[in-house]
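User: Please take a close look at the central sheet and at the helices that pack in this model. I would like one connected account of how these elements are arranged.

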Amino acid sequence: MELKNKVALIAGGARMGEETACTLARKGCRIVFTYRNSGKNAELAEKKVRSLQCETLLVKADLSCNQDVVRLMDQIRRKFGRLDILVNMASIYEKRELTKLRPEDLENNLGCNLKSAYWLSLEAFRLMKKRGSGRIIHFADWTAQSGRPRYKGYIPYYISKAGILGLTEVLALEFAPRVLVNAIAPGPILPPQGSTAREIKAVIQSTPLRKWGGAEEIAKTVLFLVQTEFITGECVRVDGGRHLY
Ligand SMILES: NC(=O)c1ccc[n+]([C@@H]2O[C@H](COP(=O)([O-])OP(=O)(O)OC[C@H]3O[C@@H](n4cnc5c(N)ncnc54)[C@H](OP(=O)(O)O)[C@@H]3O)[C@@H](O)[C@H]2O)c1
(Lines give C-alpha, C1' and ligand atoms only; values in the text may rest on other atoms or scores of the structure.)
Protein backbone atom coordinates (compact mmCIF):
# COMPACT_ATOMS: atom_id res chain seq x y z
CA MET A 1 0.00 0.00 0.00
CA GLU A 2 1.27 3.45 -0.91
CA LEU A 3 1.04 5.55 2.26
CA LYS A 4 0.95 9.15 1.04
CA ASN A 5 -2.28 10.89 2.25
CA LYS A 6 -3.70 7.69 3.70
CA VAL A 7 -5.57 7.92 7.03
CA ALA A 8 -4.38 5.72 9.93
CA LEU A 9 -6.28 5.23 13.19
CA ILE A 10 -4.07 4.32 16.15
CA ALA A 11 -6.70 3.08 18.57
CA GLY A 12 -5.80 3.21 22.26
CA GLY A 13 -2.07 3.04 21.89
CA ALA A 14 -0.40 5.15 24.52
CA ARG A 15 3.25 4.17 24.43
CA MET A 16 3.86 2.08 21.30
CA GLY A 17 1.15 4.15 19.63
CA GLU A 18 3.17 7.35 19.60
CA GLU A 19 6.18 5.75 17.89
CA THR A 20 3.96 3.94 15.39
CA ALA A 21 2.09 7.16 14.60
CA CYS A 22 5.38 9.03 13.96
CA THR A 23 6.59 6.25 11.65
CA LEU A 24 3.38 6.31 9.59
CA ALA A 25 3.31 10.13 9.59
CA ARG A 26 6.86 10.24 8.17
CA LYS A 27 5.56 8.12 5.29
CA GLY A 28 2.82 10.68 4.60
CA CYS A 29 -0.14 9.28 6.56
CA ARG A 30 -2.66 11.44 8.39
CA ILE A 31 -3.16 10.19 11.95
CA VAL A 32 -6.16 9.70 14.23
CA PHE A 33 -5.40 9.03 17.92
CA THR A 34 -7.80 7.93 20.62
CA TYR A 35 -7.50 8.00 24.39
CA ARG A 36 -9.79 7.11 27.25
CA ASN A 37 -8.19 8.57 30.42
CA SER A 38 -4.71 9.75 29.39
CA GLY A 39 -5.73 13.02 27.72
CA LYS A 40 -2.51 14.89 28.58
CA ASN A 41 -0.24 12.18 27.13
CA ALA A 42 -2.42 11.88 24.04
CA GLU A 43 -2.21 15.64 23.46
CA LEU A 44 1.59 15.50 23.71
CA ALA A 45 1.73 12.59 21.25
CA GLU A 46 -0.57 14.44 18.86
CA LYS A 47 1.63 17.56 19.09
CA LYS A 48 4.72 15.50 18.27
CA VAL A 49 3.05 13.94 15.24
CA ARG A 50 1.73 17.33 14.06
CA SER A 51 5.30 18.68 14.17
CA LEU A 52 6.01 16.22 11.31
CA GLN A 53 3.63 18.33 9.13
CA CYS A 54 0.95 15.70 9.52
CA GLU A 55 -2.79 16.34 9.81
CA THR A 56 -4.21 14.79 13.01
CA LEU A 57 -7.45 14.13 14.88
CA LEU A 58 -7.62 13.30 18.60
CA VAL A 59 -10.78 11.65 19.96
CA LYS A 60 -11.75 10.60 23.49
CA ALA A 61 -13.46 7.23 23.36
CA ASP A 62 -14.12 4.14 25.45
CA LEU A 63 -13.40 1.58 22.75
CA SER A 64 -15.11 -1.25 24.62
CA CYS A 65 -18.36 0.63 23.98
CA ASN A 66 -19.91 0.21 20.54
CA GLN A 67 -21.58 3.67 20.60
CA ASP A 68 -18.21 5.36 21.19
CA VAL A 69 -16.70 3.41 18.29
CA VAL A 70 -19.54 4.46 15.96
CA ARG A 71 -19.11 8.11 17.07
CA LEU A 72 -15.35 7.87 16.46
CA MET A 73 -15.86 6.54 12.94
CA ASP A 74 -18.35 9.35 12.24
CA GLN A 75 -15.75 11.92 13.26
CA ILE A 76 -13.17 10.29 10.98
CA ARG A 77 -15.67 10.20 8.09
CA ARG A 78 -16.52 13.89 8.56
CA LYS A 79 -12.90 15.07 8.86
CA PHE A 80 -11.12 12.84 6.33
CA GLY A 81 -13.86 10.99 4.41
CA ARG A 82 -11.83 7.79 4.53
CA LEU A 83 -9.94 5.29 6.70
CA ASP A 84 -7.14 3.13 5.30
CA ILE A 85 -5.28 1.70 8.29
CA LEU A 86 -6.51 0.57 11.71
CA VAL A 87 -4.03 -0.32 14.46
CA ASN A 88 -5.82 -1.81 17.49
CA MET A 89 -3.62 -1.28 20.54
CA ALA A 90 -6.05 -0.65 23.41
CA SER A 91 -5.41 -2.98 26.28
CA ILE A 92 -5.41 -3.42 30.03
CA TYR A 93 -2.84 -5.63 31.78
CA GLU A 94 -3.65 -6.24 35.42
CA LYS A 95 -2.53 -9.00 37.73
CA ARG A 96 -5.19 -10.77 39.83
CA GLU A 97 -4.65 -14.04 41.63
CA LEU A 98 -7.00 -16.94 40.90
CA THR A 99 -8.61 -16.72 44.37
CA LYS A 100 -9.23 -12.96 44.05
CA LEU A 101 -10.85 -12.93 40.62
CA ARG A 102 -14.07 -10.88 40.38
CA PRO A 103 -16.77 -11.28 37.66
CA GLU A 104 -15.91 -7.85 36.24
CA ASP A 105 -12.29 -8.84 35.58
CA LEU A 106 -13.29 -11.02 32.64
CA GLU A 107 -15.73 -8.36 31.38
CA ASN A 108 -13.10 -5.61 31.58
CA ASN A 109 -10.39 -7.61 29.85
CA LEU A 110 -12.66 -8.84 27.10
CA GLY A 111 -14.11 -5.35 26.67
CA CYS A 112 -10.84 -3.40 26.48
CA ASN A 113 -8.64 -6.02 24.81
CA LEU A 114 -10.94 -7.97 22.50
CA LYS A 115 -14.38 -6.36 22.00
CA SER A 116 -12.71 -3.02 21.19
CA ALA A 117 -10.79 -4.67 18.34
CA TYR A 118 -13.96 -6.43 17.17
CA TRP A 119 -16.15 -3.29 17.08
CA LEU A 120 -13.42 -1.15 15.56
CA SER A 121 -12.70 -3.68 12.80
CA LEU A 122 -16.36 -4.04 11.79
CA GLU A 123 -16.88 -0.28 11.68
CA ALA A 124 -13.55 0.36 9.94
CA PHE A 125 -14.36 -2.20 7.26
CA ARG A 126 -17.42 -0.17 6.20
CA LEU A 127 -15.15 2.80 5.46
CA MET A 128 -12.30 0.76 3.95
CA LYS A 129 -14.39 -1.25 1.52
CA LYS A 130 -15.69 1.95 -0.09
CA ARG A 131 -12.13 2.72 -1.23
CA GLY A 132 -11.49 -0.93 -2.05
CA SER A 133 -8.53 -1.52 0.27
CA GLY A 134 -7.33 -1.36 3.86
CA ARG A 135 -5.09 -2.81 6.53
CA ILE A 136 -6.03 -3.87 10.05
CA ILE A 137 -3.42 -4.76 12.67
CA HIS A 138 -4.41 -6.24 16.01
CA PHE A 139 -2.23 -6.61 19.12
CA ALA A 140 -1.97 -10.02 20.79
CA ASP A 141 0.81 -11.12 23.17
CA TRP A 142 3.75 -13.51 22.74
CA THR A 143 2.32 -15.77 25.46
CA ALA A 144 -0.97 -16.40 23.65
CA GLN A 145 0.75 -16.71 20.27
CA SER A 146 3.08 -19.32 21.77
CA GLY A 147 0.36 -21.28 23.60
CA ARG A 148 2.20 -20.60 26.86
CA PRO A 149 0.28 -18.73 29.60
CA ARG A 150 3.68 -18.57 31.39
CA TYR A 151 2.75 -16.05 34.15
CA LYS A 152 0.18 -16.88 36.83
CA GLY A 153 -2.41 -14.24 37.74
CA TYR A 154 -3.41 -13.12 34.23
CA ILE A 155 -6.30 -15.45 33.32
CA PRO A 156 -8.72 -12.86 31.77
CA TYR A 157 -5.83 -11.10 29.96
CA TYR A 158 -4.59 -14.35 28.43
CA ILE A 159 -8.09 -15.33 27.29
CA SER A 160 -8.62 -11.94 25.67
CA LYS A 161 -5.29 -12.08 23.81
CA ALA A 162 -5.95 -15.65 22.67
CA GLY A 163 -9.26 -14.31 21.32
CA ILE A 164 -7.34 -11.71 19.28
CA LEU A 165 -5.68 -14.56 17.37
CA GLY A 166 -9.07 -16.02 16.43
CA LEU A 167 -10.41 -12.59 15.52
CA THR A 168 -7.43 -11.99 13.22
CA GLU A 169 -7.96 -15.25 11.33
CA VAL A 170 -11.71 -15.00 10.97
CA LEU A 171 -11.68 -11.35 9.86
CA ALA A 172 -8.84 -11.99 7.42
CA LEU A 173 -11.13 -14.47 5.71
CA GLU A 174 -14.26 -12.29 5.88
CA PHE A 175 -12.58 -9.06 4.72
CA ALA A 176 -10.51 -10.58 1.88
CA PRO A 177 -9.59 -9.68 -0.77
CA ARG A 178 -9.92 -5.96 -0.06
CA VAL A 179 -8.75 -5.62 3.53
CA LEU A 180 -5.75 -7.50 4.95
CA VAL A 181 -5.93 -8.37 8.66
CA ASN A 182 -2.86 -9.35 10.70
CA ALA A 183 -1.66 -9.25 14.29
CA ILE A 184 1.50 -8.51 16.21
CA ALA A 185 2.36 -10.48 19.35
CA PRO A 186 4.77 -8.31 21.35
CA GLY A 187 7.14 -9.79 23.90
CA PRO A 188 9.33 -7.63 26.12
CA ILE A 189 8.94 -4.30 24.32
CA LEU A 190 8.35 -1.76 27.10
CA PRO A 191 8.21 -2.76 30.79
CA PRO A 192 4.71 -2.60 32.33
CA GLN A 193 4.13 0.48 34.53
CA GLY A 194 5.46 -0.14 38.04
CA SER A 195 7.99 -2.84 37.08
CA THR A 196 10.96 -3.07 39.46
CA ALA A 197 14.58 -2.99 38.26
CA ARG A 198 14.86 -6.63 39.29
CA GLU A 199 11.83 -7.65 37.19
CA ILE A 200 13.16 -5.71 34.20
CA LYS A 201 16.52 -7.48 34.48
CA ALA A 202 14.92 -10.92 34.92
CA VAL A 203 13.07 -10.49 31.62
CA ILE A 204 16.33 -9.60 29.85
CA GLN A 205 17.88 -12.78 31.23
CA SER A 206 15.07 -14.90 29.82
CA THR A 207 15.14 -13.26 26.39
CA PRO A 208 17.61 -14.76 23.91
CA LEU A 209 18.35 -11.37 22.29
CA ARG A 210 19.15 -9.98 25.79
CA LYS A 211 17.22 -6.71 25.72
CA TRP A 212 13.80 -5.05 25.76
CA GLY A 213 12.83 -4.35 22.15
CA GLY A 214 11.55 -0.76 22.42
CA ALA A 215 8.59 0.79 20.58
CA GLU A 216 10.61 1.24 17.35
CA GLU A 217 10.57 -2.53 16.76
CA ILE A 218 6.78 -2.47 16.88
CA ALA A 219 6.58 0.57 14.58
CA LYS A 220 8.83 -1.21 12.04
CA THR A 221 6.59 -4.30 12.14
CA VAL A 222 3.41 -2.24 11.73
CA LEU A 223 4.97 -0.56 8.70
CA PHE A 224 5.87 -3.96 7.23
CA LEU A 225 2.33 -5.29 7.72
CA VAL A 226 0.80 -2.14 6.28
CA GLN A 227 2.95 -2.42 3.17
CA THR A 228 2.45 -6.12 2.50
CA GLU A 229 0.19 -7.11 -0.39
CA PHE A 230 0.16 -10.87 0.30
CA ILE A 231 0.10 -11.59 4.02
CA THR A 232 -3.23 -11.88 5.82
CA GLY A 233 -4.50 -13.83 8.84
CA GLU A 234 -0.96 -13.97 10.32
CA CYS A 235 0.40 -13.10 13.74
CA VAL A 236 4.02 -11.95 13.96
CA ARG A 237 5.86 -12.35 17.26
CA VAL A 238 8.14 -9.41 18.07
CA ASP A 239 9.71 -10.82 21.20
CA GLY A 240 13.49 -11.13 20.88
CA GLY A 241 13.09 -14.91 20.92
CA ARG A 242 11.33 -14.85 24.31
CA HIS A 243 9.14 -17.82 23.30
CA LEU A 244 12.20 -20.04 22.79
CA TYR A 245 12.98 -20.42 26.50
N1 LIG B 1 4.43 -3.21 26.43
C2 LIG B 1 4.76 -4.45 26.07
O3 LIG B 1 5.93 -4.84 26.15
C4 LIG B 1 3.68 -5.39 25.56
C5 LIG B 1 3.85 -6.77 25.67
C6 LIG B 1 2.87 -7.62 25.19
C7 LIG B 1 1.73 -7.09 24.57
N8 LIG B 1 1.58 -5.74 24.47
C9 LIG B 1 0.37 -5.22 23.80
O10 LIG B 1 0.73 -4.18 22.88
C11 LIG B 1 -0.27 -3.15 22.87
C12 LIG B 1 0.34 -1.78 23.16
O13 LIG B 1 1.06 -1.87 24.39
P14 LIG B 1 1.51 -0.58 25.24
O15 LIG B 1 2.43 -1.07 26.30
O16 LIG B 1 1.96 0.51 24.32
O17 LIG B 1 0.10 -0.19 25.86
P18 LIG B 1 -0.23 0.89 26.96
O19 LIG B 1 0.84 1.91 27.08
O20 LIG B 1 -0.63 0.14 28.21
O21 LIG B 1 -1.50 1.57 26.33
C22 LIG B 1 -2.71 0.91 26.21
C23 LIG B 1 -3.76 1.96 26.18
O24 LIG B 1 -5.01 1.31 25.98
C25 LIG B 1 -5.96 2.24 26.34
N26 LIG B 1 -7.22 1.58 26.70
C27 LIG B 1 -7.41 0.53 27.53
N28 LIG B 1 -8.72 0.25 27.59
C29 LIG B 1 -9.35 1.12 26.77
C30 LIG B 1 -10.71 1.33 26.42
N31 LIG B 1 -11.70 0.59 26.92
N32 LIG B 1 -11.00 2.33 25.56
C33 LIG B 1 -10.01 3.10 25.06
N34 LIG B 1 -8.73 2.96 25.35
C35 LIG B 1 -8.41 1.98 26.21
C36 LIG B 1 -5.43 3.01 27.54
O37 LIG B 1 -5.78 4.36 27.33
P38 LIG B 1 -6.00 5.41 28.53
O39 LIG B 1 -4.68 5.43 29.27
O40 LIG B 1 -6.31 6.70 27.85
O41 LIG B 1 -7.11 4.87 29.37
C42 LIG B 1 -3.91 2.75 27.45
O43 LIG B 1 -3.22 3.96 27.42
C44 LIG B 1 -1.31 -3.60 23.89
O45 LIG B 1 -2.37 -4.24 23.23
C46 LIG B 1 -0.58 -4.59 24.78
O47 LIG B 1 -1.42 -5.58 25.37
C48 LIG B 1 2.50 -4.88 24.97
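Analyst: Two strands are taken as paired if DSSP finds at least two bridges between them. The model is a predicted one, and the account below begins with a pair of strands that meets this criterion.

Strand β1, residues 7–11, and strand β2, residues 30–35, run parallel and are joined by 4 bridges. One of the residues involved is V7, whose bridge partner in β2 is R30.

This pair belongs to an open sheet of 7 strands, in which the pairing is parallel. Read across the sheet, the order is β3-β2-β1-β4-β5-β6-β7. The edges are held by β3 (56–60) and β7 (235–238); each has a single partner strand, so one side of each is left without a neighbour in the sheet. On average, and with direction ignored, neighbouring strands of the sheet are turned by 15° against each other.

Helix α3, residues 66–80, lies across three of these strands, namely β1, β2 and β3. Its direction is at about 160° to that of the edge strand β3.

Two helix pairs complete the picture. In the pair formed by α1 (residues 15–26) and α2 (residues 39–50), the axes are 9 Å apart and the packing angle is about 20°. Because angles under 35 degrees count as roughly parallel, α1 is described as roughly parallel to α2. The crossing of α1 past α2 is right-handed. On the α1 side the contact is made by E18, A21, C22 and A25, and on the α2 side by A45, K48 and V49. Sorted by class, this contact holds 5 nonpolar and 2 charged residues, with no polar ones.

The other pair consists of α4 (residues 103–131) and α6 (residues 155–175), which pack at an angle of about 15° with their axes 9 Å apart. These helices are therefore roughly parallel to each other as well, and α4 and α6 also cross in a right-handed sense. From α4, the residues in contact are D105, L106, N109, L110, N113, L114, A117, Y118, S121, L122 and F125. They meet P156, Y157, I159, S160, G163, I164, L167, L171 and F175 of α6. The residues of this contact divide into 14 nonpolar, 5 polar and 1 charged.

In summary, the part examined combines an open, parallel sheet of 7 strands with a helix, α3, lying across β1, β2 and β3. The helix pairs are α1 with α2, packed at about 20°, and α4 with α6, packed at about 15°.

Terms used. Residues numbered from 1 in each chain as written. Predicted model: local features only at pLDDT ≥ 70, side-chain atom pairs only at ≥ 80, totals over all residues. Heavy atoms only, no water. Axes fitted to C-alpha atoms, helices over the stretch in contact; angles between N-to-C directions. Helix = DSSP H or I, 4+ residues; strand = E, 2+ residues; numbered from the N terminus. Parallel < 35°, antiparallel > 145°, perpendicular 65-115°, else oblique. Left-handed = near helix turned anticlockwise from the far one by under 90°. Contact = heavy atoms within 4.5 Å. Nonpolar A, V, L, I, M, F, W, Y, C, P; charged D, E, K, R; others polar.
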